[in-house]
Amino acid sequence: MKLVVLGNTPAQKNRKKIVWRRGMKQPRLITEQPVKDWQRRAIIQLISQLPVAYKKPIQPVSIALIVFWDDKIRRDLDNAVNSIMDALVRAEVIADDSFKYVDCIDAQYGGVDKDNPRCEVYIDI
């Protein structure tokens with residue numbers, strides 16, 4: 001099955017903000033708003049591409065990811081993988097991203113595509 005998430009895939013791990021609130025003894029780390037917005041859009045895109053009677057698999061799947069960004073700015077591919085895997089779980093494409101449900105993840109940099117940055121997701125069920 002092929003799914004496509006349009007736009008630059010952010011590194012949510014590197015986009016955290018320290019927040020102090022009244023009454024808190026320790027600060028909290030929260031994800032920055034641009035990453036939350038991307039997650040929301042990615043989930044909607046993923047759900048819209050699923051077949052009507054889709055049920056998330058209970059057996060382990062293999063996932064291949066090809067990430068295309070719109071520029072040559074240095075980015076970590078593994079951080080993009082984490083963002084996509086979280087979106088796949090939240091969209092209920094897969095049950096979880098643990099080894100019980102995903103036995104192989106292959107990530108590849110697809111290059112620069114200024115007009116169509118995206119992440120192509122291939123799931124072998």
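Let's start where two strands run side by side: E4 and E5, the latter covering residues 102-112, are parallel and joined by nine bridges. Keep in mind that this is a predicted model. To find a spot where the two strands meet, look at Ala 64, which sits opposite Asp 106 of E5.

How does the chain fit a helix into this picture? Together with helix H2, residues 77-90, strands E4 and E5 form a β-α-β unit, and that unit is right-handed.

E4 has another partner too. Strand E6, made of residues 118-124, pairs with E4 through seven bridges, this time in the antiparallel sense. Ala 64 is a handy marker here as well: its bridge partner in E6 is Tyr 122. As for E4 itself, the strand spans residues 61-69 and is mostly covered, with seven of its nine residues buried.

Now step over to E6 and pick out Arg 118, which lies in that strand. Is Arg 118 buried or exposed? Its relative accessibility is 12%, so Arg 118 counts as buried, the cut-off for that being under 20%.

What does the side chain of Arg 118 reach? One answer is the backbone oxygen of Asn 116, at 2.8 Å. The side chain of Glu 120 is another, through a polar contact of 3.0 Å with the side chain of Arg 118. Leaving aside residues up to four places away in sequence, Arg 118 also touches a run of others: Val 4, Val 5, Leu 6 and Gly 7, then Ile 66, Val 67 and Phe 68, and finally Asp 113.

Definitions and conventions
Residues numbered from 1 in each chain as written. Predicted model: local features only at pLDDT ≥ 70, side-chain atom pairs only at ≥ 80, totals over all residues. Heavy atoms only, no water. Buried < 20%, exposed > 50% of the residue type's maximum accessible area, 1.4 Å probe, protein only. Helix = DSSP H or I, 4+ residues; strand = E, 2+ residues; numbered from the N terminus. Pairing = 2+ DSSP bridges. Right-handed = clockwise from strand over helix to strand, strands pointing away. Polar contact = N/O pair within 3.5 Å; in protein donor to acceptor, adjacent residues only side chain to side chain. Contact = heavy atoms within 4.5 Å.
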